[in-house]
Amino acid sequence: MARYLAGLATQDDSNKADALPLHAVRPGGVEILLGHLPAAHAALLRLNNFSGAAGSIVLLPAADATPAGAVLGLGDGPALHGFGSAATSLPAAYRWMPQPGDYSEDEAALGFLLGAYRFDRLRAEKKPVAQLAAATPRTVAIAEAICLARDLINTPPNLLGPRELADAAAAVAACFGAKTTRIQGAALQKRFPAMAAVGAGSDRPPEAVLVEWQGSGAGADAPLISLCGKGVCFDTGGYDLKPSAGMLRMKKDMGGAAIMLGLAQAVMALDLPVRLALRLGCVENSISGRAMRPSDVLTTQAGLTVEVGNTDAEGRLVLCDLLAEASIENPDWLIDAATLTGAARVALGPDLPAFFCTNDELSAMILTAGETVHDPLWRLPLFTGYDSWIDSPVADLNTVASKPMAGAIVAALFLKRFVGKNISWAHIDVYAWNDSNRPGRPEGGEAQALRALLAAIETQSAAARQA
């Protein structure tokens with residue numbers, strides 16, 4: 001779904017010619033840059049003690065005192081983050097063109113565009129940002145996908161309920177001619193009964209969305225990539241009610257669905273030679289006389305019965321039905337993302353998603369891709385020694401463990417019960433949020449793992465073509 005990108009100039013042939021040069025440099029390259037600049041500009045940088053520190057900017061004046069260019073310090077970190085401060089630090093009245101350096105054009109442009117993002121559509125005052133003169137179609141597609149996910153996560157819950165999230169998925173699918181199926185009401189209760197139970201307490205009814213697409217270069221035997229996302233648009237915790245502080249960010253509990261939808265959009269926009277199936281569970285976990293209770297026993301899509309050990313462990317009930325149905329198709333890769341456990345954040349903090357995988361080759365591909373594109377994940381074990389912790393005396397399994405430890409692993413083991421045998425499955429437990437403003441990563445919703453997964457899918461589809 002095409003999205004207006006703050007920070008990207010309207011594309012025409014004059015943009016590059018009219019743009020001002022943006023020189024980006026690391027601390028070790030400052031002296032080399034000084035030797036290539038006009039003497040007056042080099043002297044100005046020395047006067048400002050410019051060291052190439054991340055985020056530092058010096059404007060280079062023309063004879064009439066208007067900017068003739070600028071120098072941006074990248075620091076020693078990824079250029080993607082180094083360029084993240086450019087859009088909000090450079091004068092907004094001008095278009096800018098990064099000059100060649102020890103970074104790729106795409107990395108510089110993506111960092112610039114991600115740093116320009118602001119969720120300001122509900123504000124009367126919108127602060128302008130500097131404009132990037134040009135970007136490749138691939139970079140634009142990735143930036144649009146990430147900003148779509150950020151927008152959805154940032155949207156207040158009164159404006160984004162299950163229906164609105166499903167609408168967003170359908171709109172994306174329509175842009176690329178994908179087939180969309182929306183499952184609601186009695187059909188949802190029959191097809192995805194555990195998901196229906198999670199949403200039963202809300203006046204905003206739950207629904208599932210299935211999007212199916214095939215790339216123009218994908219044949220019937222092309223890899224099938226199946227994506228599943230937890231879309232809990234607001235999570236009160238149900239009868240196991242969250243404290244008020246724990247509810248403040250629960251609009252982001254649909255972050256997994258937003259990331260999977262953004263990933264699907266990027267795959268379709270780049271027309272990768274794959275078959276794609278996207279399943280989103282769009283629900284709200286509320287309290288009412290219809291809401292599920294602790295100790296309820298639910299039937300799932302897979303036929304397994306599940307005892308509700310805690311109504312605030314609802315995300316795994318949404319995903320288990322989606323994973324069970326996706327497994328029937330025997331996909332080459334089955335990937336899910338969810339803001340599933342606080343335990344993952346305790347273990348790894350906010351910036352490092354917990355990653356579980358049943359296939360070492362798939363795991364290596366995703367982890368390597370994450371390192372390459374600076375979108376890291378950390379693999380945790382599917383330790384079968386904890387499998388018995390989710391046994392139930394009245395049902396096939398319980399949603400929570402009998403021991404208050406290893407919460408992220410236990411949640412992954414629960415989901416694994418619903419994944420078909422011999423399927424290459426990856427589960428990503430994300431935070432989907434930036435707690436503070438950092439270059440390229442503004443405070444608010446974040447599409448963690450999207451770029452890593454996209455790079456891995458590109459690698460996999462290219463390998464499949466050559467096979």
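These legends walk through a set of close-up views of one predicted model. Residues are numbered from 1 along each chain as its sequence is written, and side-chain values use heavy atoms, with hydrogens and water left out. Because the model is predicted, local features need pLDDT of at least 70 and side-chain atom pairs count only at pLDDT 80 or more, while totals for chains, interfaces and linings use all residues.

**View 1. The largest pocket and its lining.** Let us start with the open space. The largest pocket has a volume of about 670 Å³. A pocket here is an open set of points on a 1 Å grid over the protein atoms alone, where a 1.4 Å probe fits, with protein on both sides within 12 Å along at least five of seven lines. Grid points are joined across faces, edges and corners, and the volume is the space filled by probe spheres set on the points. There are 30 lining residues, each having an atom within 4 Å of a point. Nearest the centre of the pocket lie Lys242, Asp312, Leu340, Thr341 and Gly342. Strand E8 (224–235) and helices H11 (244–247), H13 (315–328), H14 (342–348) and H16 (407–416) each give two or more residues to this lining. The largest share, three residues, is from H14. Helices (H or I, at least four residues) and strands (E, at least two) are DSSP runs, numbered from the N terminus.

**View 2. The chemistry of the pocket lining.** Sorted by class, the lining of the largest pocket has twelve nonpolar, eleven charged and seven polar residues. Ala, Val, Leu, Ile, Met, Phe, Trp, Tyr, Cys and Pro count as nonpolar, Asp, Glu, Lys and Arg as charged, and the others, Gly among them, as polar.

**View 3. Glu325 and Arg191, a salt bridge between two helices.** The side chains of Glu325 and Arg191 meet at 2.6 Å, N to O. A salt bridge is a side-chain nitrogen of Lys or Arg within 4 Å of a carboxyl oxygen of Asp or Glu, and a search of the whole structure finds 24 of them. This pair links distant parts of the chain, with Glu325 in helix H13 and Arg191 in helix H9 (residues 185–191), 134 residues apart. Glu325 is buried, at 9% relative accessible area, whereas Arg191 is partly exposed, at 28%. Buried means under 20% relative accessible area, exposed over 50%, and partly exposed in between (1.4 Å probe, protein chains only).

**View 4. Glu284 and Arg204, a salt bridge from strand to loop.** Here the side chains of Glu284 and Arg204 come together at 2.9 Å, N to O. Glu284 sits in strand E9 (residues 275–285) and Arg204 in the loop between helix H10 (193–199) and strand E7 (207–214), so the pair links distant parts of the chain, 80 residues apart. Glu284 counts as buried at 10% relative accessibility, while Arg204 is partly exposed at 25%.

**View 5. Asp296 with Arg293, and a salt-bridge network.** The Asp296 and Arg293 side chains form a salt bridge of 3.2 Å, N to O. Asp296 counts as buried at 17% relative accessibility, and Arg293 as partly exposed at 44%. Elsewhere to look for is one network, in which salt bridges that share partners join Arg191, Arg279, Glu325 and Glu329.

**View 6. An open sheet of five strands.** The order is E2-E3-E1-E4-E5, and the pairing is mixed. Strand E2 (57–61) and strand E5 (131–132) stand at the edges, each with a single partner strand, so one side of each has no neighbour in the sheet. Two strands pair if DSSP finds at least two bridges between them. E5 pairs with strand E4 (residues 95–98) in the parallel sense over two bridges, and Trp96 stands opposite Leu132 in E5.

**View 7. Strand E8 and its partners.** Twelve of the twelve residues of E8 are buried. Ten bridges join E8 to E9, running parallel, with Asp235 opposite Asn285 in E9. E8 also pairs in the parallel sense with strand E12 (residues 333–338), over five bridges, and Leu227 stands opposite Ile335 in E12.

**View 8. Cysteines without a disulfide.** The disulfide count is zero, taking a disulfide as a pair of cysteine sulfur atoms within 2.5 Å. The closest cysteine sulfur to that of Cys228 is in Cys320, 11 Å away and too far for a bond. Cys282 is in no disulfide either, with the nearest cysteine sulfur, that of Cys233, 6.1 Å away. Cys228 is buried at 0% relative accessible area, and Cys282 counts as buried at 0% too.
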